[in-house]
Amino acid sequence: MARLVKKEYKAPLEIKAGTKSIWICMCGLSGNQPFCDKSHKKAANEDNKIYVYENEGNRIEVKNWEECYNDT
Ligand code: FES
């Protein structure tokens, strides 16, 4: 089963573990979940549109998101 998950964060969450920091992916784009792999940089210039990110790094705007989202 596939699903779309809406994420709005553009940066990781830092968790302190003693003297170390662990960076948790909050953008949903990391290929090393749950850890940040800096893929969030792809989302840095997002505007108020909805995008799907392909593995190749392409970004596609999703139009009619509201129609899909409200069809529950
Ligand atoms: S926050 Fe998702 S890759 Fe960094």
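In which loop is Thr-19 found? Thr-19 sits in the loop between strand E1 (13–17) and strand E2 (20–24). The model is predicted.

Thr-19 is exposed, because 5 other C-beta atoms lie within 10 Å and a residue counts as exposed at 12 or fewer. Its C-alpha atom is separated by 28 Å from that of Ala-44, which is 25 residues away along the chain.

**Overall fold**

The protein chain contains one helix and four strands. Along the sequence these elements follow the pattern β-β-β-β-α. The radius of gyration is 14 Å, well over the 11 Å that the globule rule gives for 72 residues, so the chain is more spread out than a compact globule. Further values for the whole chain are listed below.

| Property of the protein chain | Value |
|---|---|
| Box filled by C-alpha atoms, along the principal axes | roughly 45 × 25 × 25 Å |
| Buried residues, as a share of the 72 residues | 7% |
| Share of contacts joining residues at least 24 apart, among contacts between residues at least 6 apart in sequence | 13% |

**The E3–E4 hairpin**

Strand E3 (residues 50–53) and strand E4 (residues 59–62) run antiparallel and are joined by four bridges. In one pairing, Ile-50 has Val-62 in E4 as its bridge partner. The two strands E3 and E4 form a hairpin, with five residues between them. Within the turn, Gly-57 has a positive phi of about 100°.

Definitions and conventions. Residues are numbered from 1 along each chain as its sequence is written. This is a predicted model: local features need pLDDT of at least 70, side-chain atom pairs count only at pLDDT 80 or more; totals for chains, interfaces and linings use all residues. Two strands pair if DSSP finds at least two bridges between them. The radius of gyration is taken over C-alpha atoms; the globule rule is 2.2 Å times the number of residues to the power 0.38. A residue is buried if 20 or more other C-beta atoms lie within 10 Å of its own, exposed if 12 or fewer, and partly exposed in between; C-beta atoms are placed from the backbone. Two residues are in contact if their C-beta atoms, placed from the backbone, lie within 7 Å.
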